[in-house]
Amino acid sequence: MRMRYVPPCSNDPSFNLAMEQYVFDRLDPEQDYVMLWQNDRSVIIGRHQNTFAEINEPVIREREIQVVRRLSSGGAVYHDLGNLNFTFVVRQEQGEQMDLRLFCQPVIRTLRAFAVEAELSGRNDITVDGKKFSRNAQYRRNGRVMHHGTILFDSDLTAVADALRVSNSKLQAKGVKSVRSRVTNLKPYLPDGLTLEDFSQRLLEEIFSGGDIPQVAWSERDRSEIRRLRNSRYRSWEWNYGSSPSGSLVRRARIEGCGCVEARFEIQRGRIDGLHLYGDFFSLDGTERLVERLNGLRLDREELTAKLAEVPVERHIVGLSQQALIELLLPQENETAMRE
């Protein structure tokens with residue numbers, strides 16, 4: 001195998017996903033590549049997932065967690081600097097039948113060297129003691145395979161649960177839903193004092209069978225192209241949110257001094273569509289013009305705030321402030337589940 005190592009140069013998730021794509025699209029297709037890398041706090045969304053159905057928006061906003069969509073399918077995962085990611089970019093013949101297991105073997109062998117018995121579970125997980133510490137996914141095109149996986153080494157497991165805990169508001173969304181399961185960090189199973197950097201080096205040595213580790217050297221042109229791809233795709237709202245499959249939303253709230261307000265609408269490419277407002281509230285001017293103003297807007301706090309800045313919301317729904325309307329439309333952590 002003509003494998004080369006792509007050394008990390010950033011903890012920015014949007015840059016790292018752009019770098020993965022650049023390796024896949026632009027580097028010599030006759031070579032195979034491996035990357036070991038880390039992201040700052042982020043939720044990485046699968047290609048066919050509905051972002052709004054996967055994230056806990058208030059937690060994402062409060063903790064300044066980045067949300068980035070990747071090229072591969074599969075479920076949403078949480079990353080932070082206690083998480084190690086690995087990526088293989090190889091020619092298709094090495095994984096003709098989408099064999100995710102092939103690429104997980106170096107991780108399992110590395111752990112066995114530390115007397116940790118890890119095993120493959122289900123379609124794309126690696127577990128220890130029945131708890132998941134690694135999830136894997138693949139992307140294929142033009143005779144090449146990109147396989148990437150996560151390794152929870154010493155990650156904030158509370159943040160994993162909080163960031164991916166979907167709001168109880170009613171969301172009937174198309175797209176592949178993530179499956180929640182028990183997770184664990186690897187650190188408690190490994191020798192005391194072993195750092196993530198130590199483990200990363202041992203994994204790299206396992207991948208290269210203890211031999212030389214030839215590296216990719218980035219030119220300034222390469223870096224510039226990766227930044228361009230990061231800015232045009234992986235930092236864009238249209239890719240990370242707007243690419244979500246369509247879905248139907250129902251939001252209800254009882255607001256002091258206003259009454260019960262219910263919002264029903266579709267999400268089309270991340271935008272509000274077909275909005276209807278119902279409730280036992282009073283109105284001075286009716287809701288038609290307010291609905292007209294909201295339809296077509298991105299389901300995004302900043303855009304809603306800017307577009308509603310000059311709108312007299314309380315004339316359309318008495319007792320409802322601009323901020324309360326925005327909170328009604330966006331997912332909330334403490335909403336009550338609604339069934340019909």
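Here are a few worked exercises on strands, a small sheet and the empty spaces of this predicted model.

Some ground rules before we start. Residues are numbered from 1 along each chain as its sequence is written, and side-chain values use heavy atoms, with hydrogens and water left out. Because this is a predicted model, local features need pLDDT of at least 70 and side-chain atom pairs count only at pLDDT 80 or more, while totals for chains, interfaces and linings use all residues.

**Exercise 1. Walk along the hairpins from β7 to β10.**

Task: work out how strand β8 is paired on either side, and then follow the chain on to β10.

Step 1. Get the terms straight. Strands (E, at least two residues) and helices (H or I, at least four) are DSSP runs, numbered from the N terminus. Two strands pair if DSSP finds at least two bridges between them.

Step 2. Take β7 (residues 119-121) first: three bridges tie it to β8 in the antiparallel sense. E119 sits opposite T127 of β8. The two strands make a hairpin with three residues in between, and G122 in that turn has a positive phi of about 65°.

Step 3. Now the other partner. β8 is also antiparallel to β9 (residues 131-141), with four bridges. T127 faces K132 in β9, and D125 has R135 as its bridge partner there. This hairpin has two residues between its strands, with D129 in the turn at a positive phi of about 55°.

Step 4. Carry on to β10: six bridges join it to β9, again antiparallel. Two residues separate these strands in their hairpin, where N142 takes a positive phi near 50°.

**Exercise 2. Buried or exposed: what are the faces of β8, and how does β9 compare with the cut-offs?**

Step 1. Buried means under 20% relative accessible area, exposed over 50%, and partly exposed in between (1.4 Å probe, protein chains only).

Step 2. In β8 (residues 125-128), D125 and T127 on one side and I126 and V128 on the other are all buried, so by that definition both faces are covered.

Step 3. For β9, eight of the 11 residues are buried, so the strand is largely enclosed by the rest of the structure.

Step 4. Zoom in on A137, which lies in β9. It counts as buried because its relative accessibility is 7%. Its bridge partner in β10 is H148. Leaving out residues up to four places away in sequence, A137 touches R70, S72, S73, L100, M146, H147 and H148 (contact means heavy atoms within 4.5 Å). The C-alpha atoms of A137 and R123, 14 residues apart along the chain, are 9.4 Å from each other.

**Exercise 3. Which strands stand at the edges of the sheet built from β4, β3 and β5?**

Step 1. Strands of a sheet pair through backbone hydrogen bonds, either parallel or antiparallel.

Step 2. The order here is β4-β3-β5, an open sheet with mixed pairing. β4 (66-69) and β5 (77-79) are at the edges with a single partner strand each, so one side of each has no neighbour in the sheet.

Step 3. β3 (residues 42-45) runs parallel to β4 over four bridges, and V43 stands opposite V67 in β4.

Step 4. Helix α1 (residues 13-26) lies across β3 and β4, at about 15° to β4. For such angles, axes are lines fitted to C-alpha atoms, for helices over the stretch in contact, and angles run from 0 to 180 degrees between N-to-C directions.

**Exercise 4. How much space lies in the largest cavity, and how much in the largest pocket?**

Step 1. On a 1 Å grid over the protein atoms alone, a cavity is a set of points where a 1.4 Å probe fits but cannot get out; a pocket is an open set with protein on both sides within 12 Å along at least five of seven lines, and lining residues have an atom within 4 Å of a point. Grid points are joined across faces, edges and corners, and a volume is the space filled by probe spheres set on the points.

Step 2. The largest cavity holds about 150 Å³. Of its 18 lining residues, R70, V77, H79, H148 and T150 are the closest to its centre.

Step 3. The largest pocket holds about 610 Å³. Its lining has 23 residues, with I60, V67, W237, Y241 and D300 nearest the centre.
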